[in-house]
Amino acid sequence: MSEQFSDTVFSFRASRTLFRPYQFRPVIRLLATGGLRLLIADEVGLGKTIEAGLVWTELDARGMANRVLVICPSMLVAKWRWEMEERFGFELTDLRREQLDDMLERIEQDRLPSRFRGVCSLERLRSWPAWSVSSRSSRILTS
């Protein structure tokens, strides 16, 4: 990523959010490091969902966010779906048990669509039988 315009922020003004400079810190950090892994951990109410949406917008503008899986507490699934669609134009599919099974089958057969955007509750993922099989779980996380 360091080769791709690290001094240009594509996500700036690309969302329907109130501009708060501190919410761009994760995007700036991502661009500065050139990596694709980032932990966002702020106090409640400071806009972690917005920060994640800005990072997603930035990566999407660079063609680097074709497959996205959001994992969050069950009480936040609807919030994530609403925020990502309303503020950023990203539609997330709520992955229930059947969709998780289908996703795993598609991953194992190398048939996962090139554009995949889902959200799953942490609780549902923990109780999903396929999660307990370590080789399958590691394949899911690295695909």
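Where is T49 found? T49 is found in helix α2, and I shall use this residue as the entry point to the structure. Please bear in mind throughout that this is a predicted model.

Let me begin with the surroundings of T49. Is T49 buried or exposed? Its relative accessible area is 10%. Because the limit for a buried residue is under 20%, T49 counts as buried. Leaving aside residues up to four places away in sequence, T49 touches K79, W80, E83 and M84. With one of these, K79, there is also a polar contact: the two side chains are joined at 3.4 Å.

The contact with M84 leads us to the interior. Again without counting residues up to four places away in sequence, M84 touches T49, G53, W56, G89, F90 and L92. M84 belongs to the largest nonpolar core, which comprises 20 residues. Which residues have the most contacts inside this core? They are W56, M84 and V119. At least two core residues each are supplied by α1, spanning 25–33, by α2, spanning 48–61, by β1, spanning 67–72, and by α3, spanning 77–88. Helix α2 provides the largest share, namely five residues.

There is, in addition, a second core, separate from the one just described. This second core has eleven residues, including M103, I107, L112 and C120.

I now turn to the chain as a whole. How many helices and strands does the protein chain have? There are six helices and three strands. Read from the N terminus, their order is α-α-β-α-β-α-β-α-α. As for contacts between residues at least 6 apart in sequence, 72% of them join residues at least 24 apart. The chain has 143 residues, of which 35% count as buried.

Finally, the surface. The protein chain exposes about 9000 Å², and 51% of that area is supplied by carbon and sulfur atoms. A nonpolar patch on the surface is formed by L69, I71 and L122. Together, these three residues have about 210 Å² of accessible area. I71 has its place in strand β1, an element that also supplies at least two residues of the largest nonpolar core. Why does I71 count as partly exposed? The reason is its relative accessibility of 39%, since partly exposed residues lie between the 20% limit for buried and the 50% limit for exposed.

To summarise, T49 is buried in helix α2, the element that gives the largest share of the largest nonpolar core, while I71 in β1 takes part in a nonpolar surface patch.

Methods
Residues numbered from 1 in each chain as written. Predicted model: local features only at pLDDT ≥ 70, side-chain atom pairs only at ≥ 80, totals over all residues. Heavy atoms only, no water. Core = buried A, V, L, I, M, F, W, Y, C linked by side-chain atoms within 4.5 Å. Buried < 20%, exposed > 50% of the residue type's maximum accessible area, 1.4 Å probe, protein only. Helix = DSSP H or I, 4+ residues; strand = E, 2+ residues; numbered from the N terminus. Contact = heavy atoms within 4.5 Å. Areas by Shrake-Rupley, 256 points an atom, 1.4 Å probe, with all protein chains shown as cover. Patch = residues over 30% accessible without salt bridge, like charges linked within 9 Å, V, L, I, M, F, W, Y side chains within 5 Å. Salt bridge = Lys/Arg side-chain N within 4 Å of Asp/Glu carboxyl O. Polar contact = N/O pair within 3.5 Å; in protein donor to acceptor, adjacent residues only side chain to side chain.
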